[in-house]
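Here are a few exercises to work through with the structure open beside you. Try each task before you read its solution.

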Amino acid sequence: MKNSLIGFFIGLAVALSFTLFAGENPIHIGWILTKSAFGSPYDLGLTLYYTAGLIFTGLSVSVAFKAGLFNIGAEGQLLIGSLCATVAGLLFPNLPFPISVCVATLAAILGGGLWALFPAWLKIYRGSHEVIVTMMMNLIAAGLTSWVILKVIPNPDSQNPESALLSANYIFTNDPIKKILGDSPASWALVIALLCSFLVWYFFEKTKWGYQVQVTGANPFAADRAGQPTKKLQLISFFISGALAGGVALVEILGNSGQFKIGFSPDFGFIGIAVALMARNNPLGLVVSAFLMGALHKGASDLDFETTTITRDFSKIIQGTVILFISVQGYAWFKRKKGSK
Amino acid sequence: MIRSLLLFITILLFNSFSIANLKVGLVLDKGGKDDKSFNSAAYEGAQKAAKDLKIELKYVEATDINALENLHRQFAQKKYDLVIGIGFAQTEAIKKVSKQFPQTHFALVDGELLAPNVRCLLFEEHQGSFLVGAIAALKSKSNKIGFIGGMDIPLIRRFSMGYVAGVKHVNPKAQIVENYIGVTGEAWTNPAKAKELALSQIASGVEVIFVAAGASGSGVFDAVEEKKKLAIGVDSNQNWMRPGFILTSMLKRVDLAVYKVIEDSLNNKFTSGVVRYGLNDKGVDYALDQHNDKILTADIRSKVDDIKKKIIDGKIQVPDYYKTSKK
Amino acid sequence: MTYAVELRNIAKFYGSHAANENVSLAVETGHIHGIIGENGAGKSTAVKILFGLEKPDQGEIFIFGEKVHWNSSDEAMNKGLGMVHQHFMLCENESALENFLLMREERNFFGMIDRKKELQKAEMLAKKFGFEIPWNEKVKNLSVGVQQRLEILKALSRNSKILILDEPTAVLTPQEINELFAQLRELKKQGLTILIITHKLKEVLSLCDDITVFQKGKITGEFKSDKTNIKELAEKMVGREISFEKRPLHKKNFSNANKIELSNLEIQNQKNKSTLKLKNFNVASGEIVGLAGVEGNGQDLFIHFLNRPENWSAVQGLAKIFGQNWLEKNIREIQNFPISFFPEDRLKWGAVSDFDLTKNFVLGYENKNVFQKKSFLNIPLMDWNLVRQKTLDSIKTDHIDAQSPESPFSSLSGGNQQKLVVARELFHNPQLIIASQPTRGVDVGAIELIHEKLIHLQECGASILLISSEMDELIKLSDRIYVISKNEIVDHLLRNEFDASRIGAAMGGAR
């Protein structure tokens, strides 16, 4: 993990030195980024909101990866998960508080999981490449959610492209995390995200099934010879992967806005790939990498605010450069793994 | 290093105190200031105000929905006098932040929200769309008229409904081909897809296309230039972008509204509440300039001006999607 | 006298590991020179340096007395060196001629190839060396022996004076080996110098004029082949004495129950429809039964059937293993039988190279209760501490050269990898062992250990099915040998009938 952060920091250093061309002092830019992440409880809260979302998608990508599959579809799975949570919430507005949240959570898990199951089935039993299929299903998910939100459950009191509001039963009113963090988008979902990364770690390190999934991912031939149900394991892993992506629903729908706003995700699903790569798929290390990427994303909009030259597009260059360096390092790691065989 | 940091902070602080003028913050939508359309119009209005009225202007572009609230709060915390949010997506953010900073004035374009320190700037897009619909029907020789929207959201439906009504008002037999570019926010910035849609509409016999799709619109302009057809621009005056191929533009004078609210703030005349801009105060209109006066013939102009008058007088009722969609 | 090839004080380091150190080697012109050594002894490295595939850290290379300095193997080829790699470099779907032209195509000045002329040239070359090659046949339709001849011709096509062969006999039947050797002697007669790398001692003795022995990156012996013997070579290779005796046959009388009893069996894979004719085949308690055959003649199918009977159905006959109808079983049930498999290719079938030794030690046995802890929700948790302890025990008892149970599997040498896999497979006291190529790519020390283990198990009454393409190994260990060819059991020999040429003929398909 320590080494794997090198890519992040080299990328950040290179990206910051780019700001010299824009006539800025890189140290100053770095300072703004830091302040943006920790400056106030609200700032930290917004960073942690992104962190929580990225933990879910990062876990999603890494669980699939451990099973030997590449889940590019976290973005679509989180949309469907969020949609299902919203629909469940609107269908049963009168459920009492903790039960209501559990039902919505279950809906999110099932939604994300089942959405992932289809490409996994195509991959395992039909041989279609999961990267292509999940990528295409991201588009279908976006279309489907937009249609349902706008045509079936739109917000009657607003012209915004968003769903109707969930009833108050679905909102954790005295959320301590929200209170500490200045009523920011961060919420109790952060705790769930941390819990999930611990559970995923526990699953892979301690349980027999976790071991089998890793064997399947690392050497499917040996797994098959060892009598492991490789197909079933891959299928279940991809379901879990999708379900974890669906966990973003807790972060956004239940923890933040109480409704589905079209376009709420700042590409959680894609940044999640970089997060997983940076953490070398280690579920605990992933918390750190998610936080770093979250802070970077949060900082991007503040750079626009604090400086005159670092516009939104420039901060995309910064983000992109960092992701590029993470990927280069991740690729080298991947090659080394392959090469040692 | 710490010393240099401190120096920076002091400079920043001095900067903010040294100018005692009105400070205006502008939060642009995802589309960004260069969409040559909606956000561009807002940006131009603010720039013009900065020049004419000697105010201090700072603009930012949002990265995603959740960043909006943060940006508004930052402006308010930095003691900006007026913060302008462009686009319906900022409603929630302004609602929350305006409550926390009752001393700060806010303006919201396209969103509706009642608060003592917020002015909402709304436009009767359906009326303007009706006019360009009528122009399209008058100009087109075929019975097929095209509409390309960005994302299928209520606002764009409002455009399309007014437009369709305008076409039918002139030519009840006309058939309208309606397409949307996408289902995600990327629909506003995807000219390639817009061009494809336009080409396929043209192939099916469409001669005039009204495009309400932010920065994607340029793709449609490319297509009509290639196939020698006509397009109608939106929000800003886009006639100059492809002279001779853009029949007119449906003006939504966000620039005027933004300029006005800045001016009012400067003169201590800021009022809260909803201000609607329609045909009567030229808040919405069709564009006429040296780039299109040859294709938009005097004959058409006089007919359209007649229709415009009837709408202002209430003799023609333009259907409003916002009212029909609410049960 | 000038040597064809001379290496002087060559050294090559990978990190701190010396792959070659102080290697000085001289090959006389017109001789066949054998280079022998265990896996990892450095013989391949030396040859790669000679052929320009690796750069030496120290030392000099001379070709026909001229000092050379390669930047690529291309330069080596231009100086008259040709090499046939262990794994053929052929395009399966192209004709023999196309493959042959690949060597020349880059050289062609005009960009066009006169196929007729080239074909003539190829035929001339083949004729010169007495090779017969069906030039228009696709490579995938050619037998392994012919493919090898094609490779040799490719290597010779640039007027090569020196031919290097890396493990040329690994894929051949005994008959094909004889043919190859005859051809190599013919090439020698025509004045070529030949370097041959192998680990088969008998072959070097019969073919080569001079022999150089490598051990641990250094040269430990240089011999004229008529002045040495197998025993001496083996000792130089391993550094100690080794037995090459046939195993004494202690035929104890166990219950005599057959662990494997196939009667008139013919089975078909339900997925790819391939069939396997096993006929009457049995393995009794306390018996090592060999299955001889050139690889890819159905051995893998047989293993698959034993491991995954649920994918097979009987066309005719009966399959009883441990007295039970095997065709009704599935993998889950099989894991409850005391049966274990040595995988033919450990890195593909038997291990996860990225994982550490501990995690490889449970592979295939993670369902066994010994390695599990029960948790409150009945979730099966792995008892990693116990597994680690057992792995450590095996590392000690079997002298596996590993730093710790946390070392990655890939960091071990082939022999140590195999020792770990064998230790894992024997940990659960199997009564039936399917040992497939148990000593492939393994050093002599590990071969000895594995053979001892198999013999010990047999003496304790276990049954062993030894699937191997090493004739020596089969003859040394087996009580009986079945021969498989083209998915069919074609011969059966008792110990007193063992005869390499009969087995070889059967492997080649002759009845």
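**Exercise 1.** In this predicted model, find how many residues chain A and chain C each bring to their contact, and which helix of chain A gives the most.

*Solution.* Start with the totals: 16 residues come from chain A and 23 residues from chain C. Next, look for helices on the chain A side. Both α9 (208-218) and α10 (220-225) of chain A supply at least two residues there. The top contributor is α9(A), with 5 residues. Finally, sort this side of chain A by class: 6 residues are nonpolar, 5 are polar and 5 are charged.

**Exercise 2.** Work out which pair of chains shares the most contacts, and how far apart the closest C-alpha atoms of chain B and chain C lie.

*Solution.* There are 2 pairs of chains in contact, and chains A and B share the most contacts. Now turn to chain B and chain C: no contact joins them, and their closest C-alpha atoms are 40 Å apart.

**Exercise 3.** Describe how helix α3 (residues 41-66) and helix α11 (residues 230-246) of chain A are oriented to each other.

*Solution.* First take the axes, which come within 7 Å and cross at roughly 170 degrees. Angles over 145 degrees count as roughly antiparallel, so that is the term for α3(A) and α11(A). Then check who makes the contact: α3(A) offers residues including A:Phe56, A:Leu59 and A:Val63, while α11(A) offers residues including A:Phe238, A:Ile240 and A:Leu244. Counted by class, this contact has 8 nonpolar, 5 polar and no charged residues.

**Exercise 4.** Compare the expected span of helix α6 (residues 130-152) of chain A with the distance between its end C-alpha atoms, then find what its buried residues pack against.

*Solution.* The helix has 23 residues, and at 1.5 Å a residue it should span 33 Å. The multiplier is one less than the number of residues. The end C-alpha atoms of α6(A) are 30 Å apart, which agrees. Among the buried residues of α6(A) are A:Thr134, A:Met137, A:Ala141, A:Thr145 and A:Ile149. The partners they pack against are α4 (74-91) and α5 (97-126) of chain A.

**Exercise 5.** Name the domains of chain C and describe the contact between domain 2 and domain 3 of chain C.

*Solution.* Chain C splits into domain 1 (3-238), domain 2 (256-338 + 431-511) and domain 3 (351-428). The C-alpha centres of domains 2 and 3 of chain C are 26 Å apart. Where these two domains meet, 9 residues of domain 2 touch 8 residues of domain 3. On the domain 2 side, 4 are nonpolar, 3 polar and 2 charged.

Definitions and conventions
Residues are numbered from 1 along each chain as its sequence is written. Chains are lettered from A and ligands numbered from 1 in the order in which they are written. This is a predicted model: local features need pLDDT of at least 70, side-chain atom pairs count only at pLDDT 80 or more; totals for chains, interfaces and linings use all residues. Two residues are in contact if their C-beta atoms, placed from the backbone, lie within 7 Å. Helices (H or I, at least four residues) and strands (E, at least two) are DSSP runs, numbered from the N terminus. Ala, Val, Leu, Ile, Met, Phe, Trp, Tyr, Cys and Pro count as nonpolar, Asp, Glu, Lys and Arg as charged, and the others, Gly among them, as polar. Domain bounds come from an automatic or database domain assignment. Axes are lines fitted to C-alpha atoms, for helices over the stretch in contact, and angles run from 0 to 180 degrees between N-to-C directions. Angles under 35 degrees count as roughly parallel, over 145 as roughly antiparallel, 65 to 115 as roughly perpendicular and the rest as oblique. A residue is buried if 20 or more other C-beta atoms lie within 10 Å of its own, exposed if 12 or fewer, and partly exposed in between; C-beta atoms are placed from the backbone.
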